[in-house]
Amino acid sequence: MTDSSLDGIDMWQSISTGAASPRTEFVYDIDSGGNSFAIRDGDYKLRLGKRASKDDWFAPAEMQQLGVVTVNASEGETGPYLFNIREDPLETVNLHGQPEYTSIERAMRRRLNELKLEEVPFPNLEDLPSGSPSTYGDYGRVWMPGWC
């Protein structure tokens with residue numbers, strides 16, 4: 001069953017049978033207020049703007065036993081970054097500016113600019129009473145969006 005009014009991709013065959021995924025694109029972040037943008041297309045990930053510490057990658061224990069270590073992003077680093085995440089899952093080799101990747105980066109920037117037009121700005125959490133720490137028993141004394 002398909003419903004053309006839904007925004008999404010039917011992943012059922014991939015999940016239920018292991019068929020190839022119809023998804024080739026994934027949006028990580030579109031945040032004009034925080035100057036942070038990232039998109040994946042196939043094996044490539046493009047990040048523009050600020051790279052926050054939330055980009056730290058933590059190797060699972062079995063990978064750490066093989067010598068793969070945790071990689072920490074430096075707070076406030078700025079891009080652009082282009083990574084081949086299949087060949088470089090730790091995102092250590094920035095392909096930005098290398099001539100053989102120019103067309104890939106250009107296409108991804110074009111798509112990211114299209115997606116930016118659909119951005120929904122992140123709300124000011126202090127304007128949302130449901131985000132008040134008191135709603136959550138003052139847990140962590142941190143404003144929450146109310147939908148997590």
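The following dialogue examines how several descriptive terms apply to this predicted model.

Trainee: How many helices and strands are there in the protein chain, and what pattern do they follow?

Mentor: The protein chain has 3 helices and 5 strands. Read along the sequence, they follow the pattern α-β-β-β-α-β-β-α. Of the 148 residues, 24% count as buried.

Trainee: Why is Asn84 counted as buried?

Mentor: The relative accessibility of Asn84 is 7%. Buried means under 20%, so Asn84, at 7%, counts as buried. The residue lies in strand β5, which spans residues 81-84. Leaving aside neighbours within four places in sequence, Asn84 is in contact with Asp43, Tyr44 and Leu95.

Trainee: What makes the approach of the Asn84 side chain to the backbone nitrogen of Glu87 a polar contact?

Mentor: The side chain of Asn84 reaches that backbone nitrogen at 3.1 Å. A polar contact requires a pair of N or O atoms within 3.5 Å, and the value of 3.1 Å satisfies this limit.

Trainee: Which residues form the largest nonpolar core?

Mentor: The core has 11 residues: Phe37, Ile39, Tyr44, Leu46, Leu48, Leu82, Leu95, Tyr101, Met108, Leu112 and Leu115. Strands β2 (36-41) and β3 (44-51) and helix α3 (102-116) each supply at least two residues of this core.

Trainee: Why is Leu115 counted as buried?

Mentor: Leu115 has 10% relative accessibility, and buried means under 20%, so Leu115 counts as buried. This residue is found in helix α3. Not counting residues up to four places away in sequence, Leu115 touches Glu25, Val27, Ile30 and Ile39. Leu115 and Ile39 are 76 residues apart in sequence, and their C-alpha atoms are 9.6 Å apart in space.

Trainee: Which residues is Leu48, another member of the core, in contact with?

Mentor: With neighbours within four places in sequence left aside, Leu48 is in contact with Asn35, Ser36, Phe37, Pro80, Arg109 and Leu112.

Trainee: What makes β1 and β2 paired strands?

Mentor: Pairing requires at least two bridges, and 6 bridges join β1 to β2, which run antiparallel. The bridge partner of Asp31 in β2 is Ser36. The hairpin of β1 and β2 has 4 residues between the strands, and Asn35 takes a positive phi near 50° there.

Trainee: Why is the pair of Phe26 and Tyr28 called edge-to-face?

Mentor: A search of the whole structure finds 3 aromatic pairs. In the pair of Phe26 and Tyr28, the centres are 4.9 Å apart and the planes are at 70°. Rings pair if their centres lie within 6.5 Å, and planes over 60 degrees apart count as edge-to-face, so this pair is edge-to-face.

Trainee: How do you know that the pair of Tyr44 and Tyr101 is tilted?

Mentor: The separation is 6.1 Å centre to centre, with 55° between the planes. That angle is neither under 30 degrees, as for stacked rings, nor over 60, so the pair is tilted. This pair links distant parts of the chain: Tyr44 is in strand β3 and Tyr101 is in the loop between β5 and α3, 57 residues apart.

Trainee: Are the rings of these two pairs buried or partly exposed?

Mentor: Tyr44 has a relative accessible area of 17% and Tyr101 has 19%. Buried means under 20%, so Tyr44 and Tyr101 are buried. Phe26 has 41% relative accessibility and Tyr28 has 35%. These values lie between 20% and 50%, so Phe26 and Tyr28 count as partly exposed.

Trainee: How do you know that the charged end of Lys45 sits over the ring of Tyr28?

Mentor: The charged end of Lys45 is 4.4 Å from the ring centre. The distance limit is 6 Å, with a further condition of 35 degrees from the ring normal; the charged end is assigned as sitting over the ring. In a second case, the charged end of Lys116 sits over the ring of Phe37, 4.1 Å from its centre.

Trainee: What joins Glu91 to Lys45, and why is Glu91 called buried?

Mentor: A polar contact of 3.0 Å joins their side chains. Glu91 is placed in the loop between β5 and α3. Its relative accessible area is 15%, and buried means under 20%, so Glu91 is buried.

Conventions. Residues numbered from 1 in each chain as written. Predicted model: local features only at pLDDT ≥ 70, side-chain atom pairs only at ≥ 80, totals over all residues. Heavy atoms only, no water. Buried < 20%, exposed > 50% of the residue type's maximum accessible area, 1.4 Å probe, protein only. Polar contact = N/O pair within 3.5 Å; in protein donor to acceptor, adjacent residues only side chain to side chain. Contact = heavy atoms within 4.5 Å. Core = buried A, V, L, I, M, F, W, Y, C linked by side-chain atoms within 4.5 Å. Phe/Tyr/Trp six-rings, centres within 6.5 Å; stacked < 30°, edge-to-face > 60°.
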